[in-house]
Amino acid sequence: MNNKNKQILLAKRPSGTPSKDTFQFVTTEIKQPEKGEVLIRTLYVSVDPYMRGRMIDAPSYVAPFQLNEVIEGGAIGEVIESQSDHFAEGDIIIGGFGWQTYYTAKEKEIRKLDKDIAPISTHLGILGMTGLTAYFGLLEIGKPKQGETVVISGAAGAVGSVVGQIARIKGARVVGIAGSDEKLQYLKEELQFDKAINYKTTPNLKDDLANACPNGVDVYFDNVGGEISDAVHVLLNKFARIPVCGAISGYNLEAEDVGPRVQTTLIKKSALMQGFTVGDFANQFPSGTAELAKWLNEGKLKYQETIKEGFETIPDAFLDLFKGNNIGKLLVKVADISN
């Protein structure tokens, strides 16, 4: 076995949009497992927008990345050596060991996956944190009802594409906002959204939204914030609900993001606007995963993955998130499962 481990560290805290010199590649020795530990070879790593927030040294719902340490994040790997009674060589596991080719994990850090229920990559996407974020954000906060209108920004992304499908399962009318004609085609033809709007090419987003939502907006699943959300807010119905999942439009801004104030609209419409993270619903993960898997196996949910190949492509893949280059979940494939 190759006894070297490739890692990607946070070299410096970015100001504005991260660049390649935000990251540093290093090679280290592999730590051999001791009692109660396993050695993992990384197969897939996840790149996610929330990671940008962890690159700054500021209080948040999760601790910031530390300088000159491995960038943590969701990863799937294969056990290649075990000193554990709970994991065997060949087991496929998931954990938060992040951007490195090998990792020596304690038993409590990882969870075994069933590789027969769906492709293993789905456990970083539609059957993982991505799918659960969509599931709980929409159903616990958005609470869509039959015949209501649900609008989703970032609709072709990993979370947004699942939100729209769940809203359709619940009988809602679904309108997606995305940034390319290819994405609009995917939303309408593959995922059966009722309407889709390209915010980059429309001459008037407010008018297009009004035409797409003649009965107003009952649920707005917000992944982006900024001017797109400002345009949706004016269409909110009485007692509308707004799950706030992300604000990617502002993640790389160097100055404070200032826009229209939302309080008056919320008061006039008696609307609910609630931020959340998927960890808020951790005690419900088993039931959420089971329901997502059921819908997936019944053909009610579809998913698409944008998969980059090779460990060295991870920083570029991460930066692609802020260019809107992915459809569905963005992953990097590091290695194949052993034969």
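How many bridges join S11 to strand S12 (residues 236–244)? Keep that in mind as you open the viewer. The model you are looking at is predicted.

**Stop 1: strands S11, S12 and S13**

Select residues 217–221, which form strand S11, and then strand S12, residues 236–244. The two strands run parallel and are joined by two bridges. To see where they meet, click on valine 217, which stands opposite leucine 236 in S12.

Next, add helix H6, residues 226–233. Together, S11, H6 and S12 form a β-α-β unit, and this unit is right-handed.

Now bring in strand S13, residues 272–275. S13 pairs with S12 in the parallel sense, this time over four bridges. Here you can pick out isoleucine 242, which has methionine 273 of S13 opposite it.

**Stop 2: the second largest pocket**

Stay with helix H6 and turn on a surface view. The second largest pocket has a volume of about 540 Å³. It is lined by 23 residues, and those closest to its centre are Gly226, Asp230, His233, Pro260 and Met273. You have already met methionine 273 as the residue opposite isoleucine 242.

Which helix gives the most to this lining? It is H6, with five residues. Helix H7 (263–269) also supplies at least two. If you colour the lining by class, you should find eight nonpolar, 10 polar and five charged residues.

**Stop 3: a pair of phenylalanines**

Go back to strand S11 and show the side chain of phenylalanine 221, then show phenylalanine 276 as well. Their ring centres are 6.2 Å apart and their planes meet at 75°; an angle over 60° counts as edge-to-face, so this pair is edge-to-face.

Trace the chain between the two. Phenylalanine 221 lies in S11, while phenylalanine 276 lies in the loop between S13 and helix H8 (285–297), so the pair ties together parts that are 55 residues apart in sequence.

Are these two rings buried or exposed? Buried means under 20% relative accessible area. Phenylalanine 221, at 0%, counts as buried, and phenylalanine 276, at 8%, counts as buried too.

Now widen the selection to Tyr135, Phe136, Phe221, Phe276, Phe281, Phe285 and Trp295, which form one aromatic cluster.

**Stop 4: strands S14 and S15**

Select strand S14 (residues 305–309) and strand S15 (residues 329–333), which pair in the parallel sense over five bridges. Between them the chain passes through helix H9 (residues 314–320), and this β-α-β crossover is right-handed. Find glutamate 309 and look across to lysine 333 in S15, which stands opposite.

**Stop 5: another aromatic pair**

The whole structure has 12 aromatic pairs. One of them is formed by tryptophan 99 and phenylalanine 318, an edge-to-face pair with 6.0 Å from centre to centre and 65° between the planes. Phenylalanine 318 belongs to helix H9 and tryptophan 99 to the loop between strand S5 (92–95) and strand S6 (102–106), so parts 219 residues apart in sequence are tied together. Both tryptophan 99 and phenylalanine 318 are buried.

**Stop 6: the cavity**

To finish, look for an enclosed space. A search of the whole structure finds one cavity of 30 Å³ or more. Of the 13 residues that line the largest cavity, start with the closest to its centre: Ile126, Ala158, Tyr303, Gln304 and Lys329. About 90 Å³ of space lies in this cavity.

Helix H3 (residues 158–169) gives the most to the lining, with three residues. By class, the lining has four nonpolar, six polar and three charged residues.

Note on methods. Residues numbered from 1 in each chain as written. Predicted model: local features only at pLDDT ≥ 70, side-chain atom pairs only at ≥ 80, totals over all residues. Heavy atoms only, no water. 1 Å grid on protein atoms, 1.4 Å probe; cavity = no way out; pocket = protein on both sides within 12 Å on 5 of 7 lines; lining within 4 Å. Points joined across faces, edges and corners; volume = space filled by probe spheres on them. Nonpolar A, V, L, I, M, F, W, Y, C, P; charged D, E, K, R; others polar. Pairing = 2+ DSSP bridges. Right-handed = clockwise from strand over helix to strand, strands pointing away. Phe/Tyr/Trp six-rings, centres within 6.5 Å; stacked < 30°, edge-to-face > 60°. Buried < 20%, exposed > 50% of the residue type's maximum accessible area, 1.4 Å probe, protein only.
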